[in-house]
Amino acid sequence: MIPISQPQMKRLTAVHGWSGVILGLLLFTVVITGTVAVFGDDIARWSTGSSTQRGIDKPIDGIVRNLAERLPLFYLDDIAVWKTDAGELMAFFHSHAENPATGRPDEYGAMFRIDPESGEVLDRNEGFMWKEPWAWDPSALRHFLVDLHVQLYLPDPWGLIVTGILGLLMMAAAVSGFLMHRHMIRDLFVAERPGARLVSARDRHVLASSWSLPFAVILAFTGSFFSFASTVSFPIVAQVAFGGDNEAMARTLFEPPVVEDTRRVRPADLDAIRAKALDKVGGPLTFISIHHYGRADARIHVWHSAADGRLGFTQTVFDGAAGTFLEVKPQVGNKPSMGNTIRTLMWPLHVGDFAGLVSKAVWGALGATTCFVILSGLRRWVRRREEEPLWRGFGRALTVTALGLPIAMLASAWAFFLALPAADPFFWTPFGFVAGALACAGLGLAVRDDGKLRALFWRILAWACLLLPLLRLAAGGTSWAEALARNHGEVLSIDLLLLAAGGLMWWARDRRRAPTVVPQRPTMEPAE
Amino acid sequence: MGTFAISVHRPVVATLRHAACAVERRPLLARWLLAGPGALLAAVLVMAAMPVWLPAGAAGIDNIVYPIVLAPLIWTVVFLYALLDASLPRATAVVLGLILVDAILVAPAATGALHVNSG
Amino acid sequence: MTGDAPRRSCPSARRWSRRSERSRRRLHRRALVAIAWLAATDPKRRRAFRLPRFQGNRRPRLTLLVALAPAVSLLWAGNGVGLLVLLGTNSVAGWAMAAVSPVRTARATEWLGSAAARVGNTVRTAVEGATGAAGRSTSRIDALERRVAELEAALAAASLGDRTVARLSDYQAAKTQRAGEA
């Protein structure tokens with residue numbers, strides 16, 4: 001491998017080890033929530049009891065036209081149309097205004113929730129609606145879990161900066177680990193040696209990290225990009241390239257040049273445009289954005305999600321007055337470029353949703369592998385220092401985090417279903433997570449014996465999984481019979497997965513019982 | 001002219017030698033500063049300066065997209081370099097050089113004196 | 001890779017696509033088998049678990065080529081989706097294969113082998129019972145046993161230099177007789 005001198009190896013080891021110890025538990029939080037967030041859409045469909053795909057496949061022209069006729073022209077500056085995971089059509093008629101809460105420009109307008117079959121308006125809300133997720137996200141559970149991953153549920157922009165730093169840490173750890181490991185290829189098939197020795201802990205960590213190294217780097221790199229892009233990189237580059245004019249930079253990157261023409265004309269038929277877009281690129285169409293609806297210079301952007309071999313989103317642009325196809329627009333810029341290609345790859349590489357359940361399953365497995373890498377590395381650190389009370393305490397914190405986080409996420413699901421019938425799930429879901437996390441921390445302090453603590457956590461996990469489908473049904477969720485009849489696959493599959501996981505954990509709890517603790521030298525079993 | 005060059009050259013070399021010795025006398029502190037705030041500042045400035053010198057490409061946007069996309073990689077490279085270079089004075093010179101050169105490139109554009117891309 | 005232009009589908013293109021998909025799956029299975037082979041014969045892995053060194057020819061370079069072939073083929077075809085899924089699957093599968101110790105692998109293989117043999121016997125018995133082949137099977141076994149006895153006798157006779165012995169029992173009797181004479 002790459003020759004590294006002894007002082008360099010010492011520095012790499014220090015950086016790899018200490019960065020992992022200081023921020024590893026937080027990184028584990030981001031990675032495990034990310035693993036769950038890969039299945040965010042499926043969780044949303046399971047929690048709402050519906051398996052509707054998000055492609056806009058029903059007529060929308062009449063609906064948009066009727067609503068637009070009743071709204072002031074200010075609201076027709078921009079229109080966004082999409083379908084939720086619950087199968088409802090959303091239409092947001094808006095323009096830009098300064099948000100008094102933030103002091104920054106924001107999108108203000110009227111948001112409608114519509115029955116796509118009948119066109120009936122089910123709900124209408126006005127304001128800076130992107131700041132009100134209860135109005136447009138049918139699943140508070142998915143919203144919370146994704147937000148927890150993206151910004152650790154911290155306020156904007158600090159949460160993104162923290163997750164960005166954790167992404168950089170993961171990159172540094174991955175690359176330093178690669179450089180430290182002199183015999184990576186030779187050790188690629190060395191399984192954990194028996195005897196539960198220190199070298200066994202090393203084998204466990206090294207094997208998992210070697211096999212998942214390329215993806216760890218990709219996930220860390222793309223994750224940091226997403227976290228820093230809007231908070232740090234974009235403003236800095238805008239300052240240099242556009243004298244600080246963020247709007248001008250956004251227009252250069254994302255909007256095609258249009259000659260202004262404010263004459264009022266009859267808008268083009270949105271359903272005809274949908275058909276043309278499908279013919280040009282293929283489905284599914286998941287988002288339609290209309291600029292200057294009803295004007296001669298109107299533009300309609302149709303977003304096609306990844307499918308049929310397409311890795312990322314594709315955007316087709318139509319004339320909003322004549323309805324003619326104009327171009328397949330790159331995500332950034334107005335012509336194909338290498339910069340656009342790289343930018344387009346970032347989303348599918350991070351999220352793994354480009355080939356449906358197959359790619360999500362692979363990305364979920366890679367996320368789980370990365371969790372294993374983090375835990376096994378921290379466990380190895382603790383094993384080397386288990387004579388010291390401080391590190392034994394850290395080992396306990398590791399056990400509480402590794403098992404407590406999944407319990408807390410399940411607690412948030414429990415809180416979601418309990419709140420669904422009569423309370424605000426957007427408030428109670430995060431509350432459930434915090435309550436679950438605090439309860440696990442409390443158990444970690446109260447139960448002195450490590451073996452008993454782990455067994456207790458496994459039991460709680462098992463019961464939380466086994467009973468969750470029952471709670472969902474009791475809260476008025478879709479029954480299995482209805483799910484089968486209406487082809488709501490996610491409802492059935494996630495229920496079965498929870499039952500299987502609960503059963504497996506119940507069966508495994510006895511097998512993972514720790515050995516008898518010797519008072520002078522307590523040993524800790526791996527939580528991973 | 002030659003005498004003038006020598007009269008400028010000698011103090012400059014002496015100053016650099018003095019600086020190198022100062023760095024080598026406190027290796028741990030120097031390494032921490034280089035790999036920590038030094039690498040961060042250098043990475044931010046490299047990213048900020050890229051729109052100035054990078055070609056805009058076919059679509060006219062490569063010089064603003066590349067720095068945004070590559071920002072994490074830039075930091076990782078600078079950080080690992082600052083961590084691994086066996087010669088501390090050389091690492092210090094490189095990182096400080098990066099900071100200085102990019103700051104010079106960025107200053108006119110950041111203050112609005114130079115418009116890199118038209119809005 | 002970003003798929004800006006749509007690809008119109010015609011019947012022959014779809015057939016080609018299905019054939020390509022099948023051949024890609026075959027290549028992928030071979031790649032996984034190649035990784036499993038590399039794991040099973042890896043010298044350091046065997047040494048770590050005190051197993052004897054693999055005696056045959058590992059052919060590591062060829063095996064590595066087989067393992068990488070699907071990735072190269074997908075890259076050549078410009079199939080970014082397939083490539084990413086393949087690399088991800090192989091990473092996880094490779095780790096899983098390497099993480100299971102040789103002892104557990106051997107136990108699992110033995111269990112699978114005996115389970116397969118039991119299933120095979122059960123199926124054969126059921127099939128023979130259903131088709132009335134049991135009697136034919138027994139007479140065939142008798143014929144095979146007789147042939148084996150004849151071959152043993154011939155081998156023994158050849159070692160004694162006597163080609164007149166037809167059965168092993170005759171050979172044994174002849175041997176006893178010769179021993180008595182001696």
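Visitor: Which residue of β8(A) stands opposite Phe318(A)?

Guide: Phe325(A) stands opposite Phe318(A) in β8(A).

Visitor: What kind of model is this?

Guide: This is a predicted model, in which local features need pLDDT of at least 70, side-chain atom pairs count only at pLDDT 80 or more, and totals for chains, interfaces and linings use all residues. Residues are numbered from 1 along each chain as its sequence is written, chains are lettered from A and ligands numbered from 1 in the order written, and side-chain values use heavy atoms, without hydrogens or water.

Visitor: What makes β7(A) and β8(A) a pair?

Guide: Two strands pair if DSSP finds at least two bridges between them. Here 4 bridges join β7(A) to β8(A), so the two strands pair. They run antiparallel. Their hairpin has 5 residues between the strands, and Gly323(A) takes a positive phi near 80°.

Visitor: How many bridges join β2(A) to β3(A)?

Guide: The number is 11, between residues 89-99 and residues 104-114. Phe92(A) has Met111(A) as its bridge partner in β3(A).

Visitor: What makes β4 and β8 of chain A edge strands?

Guide: Each pairs on one side only. The open sheet has 8 strands, in the order β4-β3-β2-β1-β5-β6-β7-β8 (chain A), with antiparallel pairing. Strands here are DSSP runs (E, at least two residues), and helices are runs too (H or I, at least four), both numbered from the N terminus. Neighbouring strands of the sheet are turned by 20° on average, direction ignored.

Visitor: How do you know that helix α3(A) packs on the sheet?

Guide: By contact, which means heavy atoms within 4.5 Å. Helix α3 (residues 61-69) touches β1, β2, β3 and β4 of chain A, at about 40° to β2(A). Helix α8 (residues 270-280) lies across β5, β6, β7 and β8 of chain A, at about 45° to β6(A). Such angles run from 0 to 180 degrees between N-to-C directions, with axes fitted to C-alpha atoms, for helices over the stretch in contact.

Visitor: At what angle do α6(A) and α9(A) pack?

Guide: They pack at about 120°, with axes 9 Å apart. Phe221(A) and Phe225(A) are among the α6(A) residues in this contact, and Met346(A) and Trp347(A) among those of α9(A).

Visitor: Why is the crossing of α6(A) and α9(A) called left-handed?

Guide: Because the near helix is turned anticlockwise from the far one by less than a right angle; clockwise would be right-handed.

Visitor: How do you know that Lys44(C) and Asp187(A) form a salt bridge?

Guide: The term asks for a side-chain nitrogen of Lys or Arg within 4 Å of a carboxyl oxygen of Asp or Glu. This pair stands at 2.6 Å, N to O, so it qualifies. The count between chain C and chain A is 1. Between chain B and chain A it is 0.

Visitor: How much area do the chains bury?

Guide: Buried area is the accessible area (1.4 Å probe) that two parts lose on being put together, summed over both. Chain C and chain A bury about 2,800 Å², 73% of it on carbon and sulfur atoms. For chain B and chain A the area is about 3,000 Å², with 79% from those atoms. In chain B, Ile68(B), Val69(B) and Leu84(B) lose the most area to chain A, together 20% of what that side buries.

Visitor: What makes the loop between α4 and α5 of chain A unusual?

Guide: Most residues other than glycine have a negative phi, and most peptide bonds are trans. Leu152(A), in this loop, has a positive phi of about 50°. Pro157(A) lies there too, joined to Asp156(A) by a cis peptide bond, with omega about 0°.
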